[in-house]
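Me: I would like to go through this model residue by residue. Please keep the answers short and show the reasoning.

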Amino acid sequence: MKNKIESLIKSKNLYYASFLVIIIYIAFLLYADFQNILLAIKKFNLNYLPLIFLLIILAQTMMFLRWNYLLKRLNINLPFKINLKIYFSSWATFFAPAKSGE
């Protein structure tokens with residue numbers, strides 16, 4: 001399994017696919033009404049930003065606790081640090097555009 005992952009990372013196909021996804025994402029951004037997007041960003045009230053970040057952190061903490069609970073119910077006992085690393089590795093899909101990775 002480890003060799004497959006290493007060979008995938010080393011292959012140029014992964015870089016080509018990543019580049020293609022970025023180009024498609026930029027094309028969608030440009031296709032959308034870019035001026036309206038900028039206007040909406042300018043109108044955004046920055047006072048809400050700390051609350052938004054707090055709610056995101058709270059939601060992710062609750063999801064980690066649920067993840068931990070489900071593992072315990074399945075009698076899968078992992079050290080806390082390893083469990084946290086595994087959970088954080090799933091965040092790679094969390095930040096994908098439109099949550100397409102999930």
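Me: How much accessible area does the nonpolar patch on the surface have together?
Reply: The patch is formed by F44, L46, Y48, L51, I52, F53, L54, L55, I56, L58 and M62. Patch members have over 30% relative accessible area and no salt bridge (a side-chain nitrogen of Lys or Arg within 4 Å of a carboxyl oxygen of Asp or Glu), with nonpolar side chains (Val, Leu, Ile, Met, Phe, Trp, Tyr) joined within 5 Å and like charges within 9 Å. By the Shrake-Rupley method with a 1.4 Å probe, where only the protein chains shown count as cover for residues, the patch has together about 1,100 Å².

Me: What should I know about the source of these values?
Reply: This is a predicted model, where local features need pLDDT (the predictor's confidence in each residue, from 0 to 100) of at least 70, side-chain atom pairs count only at pLDDT 80 or more, and totals for chains, interfaces and linings use all residues. Residues are numbered from 1 along each chain as its sequence is written, and side-chain values use heavy atoms, with hydrogens and water left out.

Me: Where is confidence lowest, and where is it highest?
Reply: The protein chain averages a pLDDT of 80, and 76% of the residues score at least 70. Where pLDDT is low, the predicted coordinates should not be read in detail. Confidence is lowest in helix α1 (residues 2-10), at a mean of 61, and highest, at 92, in α4.

Me: How many helices does the protein chain have?
Reply: Helices (H or I, at least four residues) and strands (E, at least two) are DSSP runs, numbered from the N terminus. The elements run α-α-α-α-α-α from the N terminus on. With zero strands, the number of helices is six.

Me: Is F44 buried, partly exposed or exposed?
Reply: F44 sits in the loop between α3 (34-43) and α4 (49-73). Buried means under 20% relative accessible area, exposed over 50%, and partly exposed in between (1.4 Å probe, protein chains only). At a relative accessible area of 37%, F44 is partly exposed.

Me: What span should α4 have, and does it agree or disagree with its end C-alpha atoms?
Reply: The expected span is 1.5 Å times one less than the number of residues. For the 25 residues of α4 this gives 36 Å, which agrees with end C-alpha atoms that are apart by 36 Å.

Me: Which residues of α4 are buried?
Reply: In the protein chain as a whole, buried residues make up 8% of the 102 residues. In α4 they are Q60, F64, N68 and L71.

Me: Why is the pair of W67 and Y87 tilted?
Reply: The structure holds four aromatic pairs; rings of Phe, Tyr and Trp (its six-membered ring) pair if their centres lie within 6.5 Å, and planes under 30 degrees apart count as stacked, over 60 as edge-to-face and the rest as tilted. The centres of W67 and Y87 are 6.4 Å apart and their planes are at 45°, so the pair is tilted.

Me: How far apart in sequence are the parts that W67 and Y87 tie together?
Reply: W67 is partly exposed at 30% relative accessibility, whereas Y87 is buried at 7%. W67 lies in helix α4 and Y87 in helix α5 (residues 80-89), so the parts they tie together are apart in sequence by 20 residues.
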